[in-house]
Amino acid sequence: RWVVVVTALLVVTVSADINVAHKQQDINHLLYKITSPIKSSFNDLKEMSETWNPREHMDLCSDGGAAVEWLMGELENHRLLKQHHWFSLFNDRQRTEALWLFEVFMQCTDFEVFRNNAAYFREHMNEGEFVYALYAAVTHSDIGQYIVLPPLYEITPHLFTNSEIINKAYTALMTQTPGNFRMNFTGSKRNTEQRVAYFGEDIGINSHHVHWHLDFPFWWNRDKIDRKGELFFWAHHQLVARYDAERLSNYLPPVDELYWDSPIKDGFAAHTSYKYGGEFPTRPDNKEFEDVEGVACARDIKLLESRIRDAIALGYIININGSHTDINNEHGIDILGDIIESSAYSPNAAYYGSLHNQAHRVLGAQADPKRKFGMPPGIMEHFETATRDPAFFRLHKYINGIFKEHKDKLPPYTEQELLYSNVNITNVKVSKLSTYFEDFVFDVSNALDTPESFSYVSVTATISRLNHEPFTYNIHVQAKHDDEVTVRIYITPKRDENNIVLDIDESRWGAILLDTFWTKVHAGDNVITRKSSQSSVAIPDRVPFFELLEDADEAVANDAQLLHQEIRGCGHPMRLLLPKGTKEGLDFWLDVIVTSGDDAVHDELTIENHGSTHGYCGIHGMKYPDKRPMGFPFDRRIPEIGVFKVPNQHGQVVKIFHH
Ligand SMILES: [Cu+2]
């Protein structure tokens, strides 16, 4: 009897997995050449896109079809954005339309109706809106579980590569000659900012940034996402800290913050085009801020800033009903994050506005603020492209400064808060840290619309990417008794750009989280061994789209399981885990802090890491796993090093080499 049960269970698991392969194949096919009609060889989907009527299947929607009804009404009244037009999430109307479609997807009761609706709306709605809605729905719906989202840089390559590559790709296609083209970073060596373009233009960073905002959308108003505002602070704070560390090894000072009253020192020429909508606008050097029609004027933005700074100075925010909420506590940063972004969680968007989102739009529109030239949105108006512009980091430095003002008002951690008396870290050994550049190839053929009669021609781009040799930490720990422990590992530049050694209270804001995890210690001597590849802030490269296509097709044809495991798109690219070193070796503090396992929010964290990238991205659908504030213990002032130096903390200087 048991054999029968086990066999039955096995059959169920296997068929569930086969199901995943089918789902994956459908999602792949929906995203294949997104600006062309569904390929006729994708039989099922093609047929559905022509014959499926969403209205006739509203019984399969958990809202009784309300979302479908609404969207169909807008469609039939020709109010929706047309196809072959740019799409920007910051455009209120376009975002609203994309979210109507997202809602349709979220209401589907099974995958069948999900993909049929998708096939229909793919052919009837703007492609950018469709891709956004589909990515958001696969990310957030139960139906989308186990589906691997293809790397966005291969689905919408226009937003990740430059015009030169796209033009060459077209030539390759027209002459039917496969091509691989080297993609250079924007600008020339005359521009000192160019030295760190490899970071802001890294397609892995761009992809992480888009996925972070997909996982934690500012418009999110469904079930509560834990510490979303604080994560907004933390993820962007880490991007800026990492950018500054990259600048250091390239002999550049830390990025300066943005000032609304001074010209934007560095211009930016994106050398990038929309698939439809022409070139991305260029901003010259020393551009004075101009008010942007229909978005905001600099005066209003400064007003919002001063209201937020007032709230920090006073220690409370004013809610929409006039009541006050205290922010001089651990939870304050979460509220401030919601306010500053702003997200749908903001307790008073009417008063505090939307500083960050508006700043993105104002910066993006500086090339054509009066809309005189009909320019499309700027590089700052897409999460895919924003980090390429040095102004992105200046904006986030400015926003980070507001967060710091709040954090600096909180009392420094006391010895009691820092101490975990069970553990004494006796030594930390780490293998050699070294970085290097290597080539990375990705496919750009999805950028090209081709008649189906054209034979496939491989068109790829090669880009230089930072990487590092794998390394291992060995953390030697003496414990008084058996326990579960929380481990946090940071690196922090030791010196500034003038080679002056920084005091801990000056350097701590630049601390970069390399890894954090939970493990067990036993009474006596322990060695905690951890590999760089296990880092909980980073993800490996995304599975290339054509590999996903082939593997899903093969799995479906053979009734087999799909080989790929879903890995979150949110996570710092593993290759960029370490900032670039120098030939002589750049000094960083390597700090390890071990605290009690009681810091864990969930019970099983020592054995199960729930999708692995909780460091910057939390755990999908669950509470953020660490009870302590993000950035602990470097998020608060450290006026006295003596208090900071508890036995469960260990700091040493390491060098990062570059070869
Ligand atoms: Cu962002």
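## The second largest pocket

Helices α11 and α16, strand β8 (483-493) and helix α18 (504-507) each supply at least two residues of the lining of the second largest pocket. The structure described here is a predicted model. Among the contributing elements, α11 gives the most to this lining, with 5 residues.

The volume of the second largest pocket is about 410 Å³. Its lining consists of 21 residues, and those closest to the centre are D244, P254, L502, E506 and G510. Sorted by class, the lining of this pocket holds 10 nonpolar, 4 polar and 7 charged residues.

## Helix α16

Helix α16, one of the contributors to the pocket lining, runs over residues 390-409. At 1.5 Å a residue, its 20 residues should span 28 Å, and the C-alpha atoms at its ends are 29 Å apart, so the expected and modelled values agree. Of these 20 residues, 14 are buried, so α16 is largely enclosed by the rest of the structure.

A side-chain contact is found at the start of α16. There, a side-chain oxygen of D389 comes to within 2.9 Å of the backbone nitrogen of A391.

## The largest cavity

A search of the whole structure returns 8 cavities of 30 Å³ or more. The volume of the largest cavity is about 520 Å³. Its lining is made up of 30 residues, and F87, G128, T156, L159 and E384 lie nearest its centre. The elements that give two or more residues to this lining are α6 (127-140), α7 (152-155) and α10 (203-215).

Helix α6 provides the largest share of the lining of the largest cavity, namely 5 residues. By class, 18 residues of this lining are nonpolar, 8 are polar and 4 are charged.

## Q94 in helix α4

Q94 belongs to helix α4, which covers residues 92-106. With a relative accessible area of 5%, Q94 falls under the 20% cut-off and is therefore buried. Leaving aside residues up to four places away in sequence, Q94 touches L81, H85, W86, F87, S88 and E129. Of these neighbours, F87 is also one of the residues that lie nearest the centre of the largest cavity.

The side chain of Q94 also reaches the backbone nitrogen of S88, at 2.8 Å.

## S273 and its contacts

S273 is placed in the loop between α11 (228-249) and α12 (298-314). Its relative accessibility is 16%, so S273 counts as buried under the 20% cut-off. Not counting residues up to four places away in sequence, S273 is in contact with H158, S163, G278, E279 and F280.

Two polar contacts made by the side chain of S273 can be described. One is with the side chain of S163, at 2.7 Å. Another is with the side chain of E279, at 3.3 Å. As for its place relative to a distant part of the chain, S273 and D598 are 325 residues apart in sequence, and their C-alpha atoms are separated by 51 Å.

## Backbone geometry in loops

Most residues other than glycine have a negative phi, and most peptide bonds are trans. The cases below depart from one or the other of these patterns.

Two cis peptide bonds can be listed. One joins E341 and S342, with omega at about -20 degrees. S342 sits in the loop between α13 (332-341) and α14 (349-352). Another runs from F632 to P633, with omega near 0 degrees. P633 is located in the loop between α20 (614-617) and α21 (641-644).

K33 and N499 are residues other than glycine with a positive phi, near 40 degrees for K33 and near 70 degrees for N499. K33 is in the loop between α1 (2-31) and α2 (43-51), whereas N499 is in the loop between β8 and α18. Both β8 and α18 supply at least two residues of the lining of the second largest pocket. K33 is buried, with a relative accessible area of 10%, while N499, at 56% relative accessibility, counts as exposed.

Technical notes. Residues numbered from 1 in each chain as written. Predicted model: local features only at pLDDT ≥ 70, side-chain atom pairs only at ≥ 80, totals over all residues. Heavy atoms only, no water. Helix = DSSP H or I, 4+ residues; strand = E, 2+ residues; numbered from the N terminus. Buried < 20%, exposed > 50% of the residue type's maximum accessible area, 1.4 Å probe, protein only. Polar contact = N/O pair within 3.5 Å; in protein donor to acceptor, adjacent residues only side chain to side chain. Contact = heavy atoms within 4.5 Å. Expected span 1.5 Å × (residues − 1). 1 Å grid on protein atoms, 1.4 Å probe; cavity = no way out; pocket = protein on both sides within 12 Å on 5 of 7 lines; lining within 4 Å. Points joined across faces, edges and corners; volume = space filled by probe spheres on them. Nonpolar A, V, L, I, M, F, W, Y, C, P; charged D, E, K, R; others polar.
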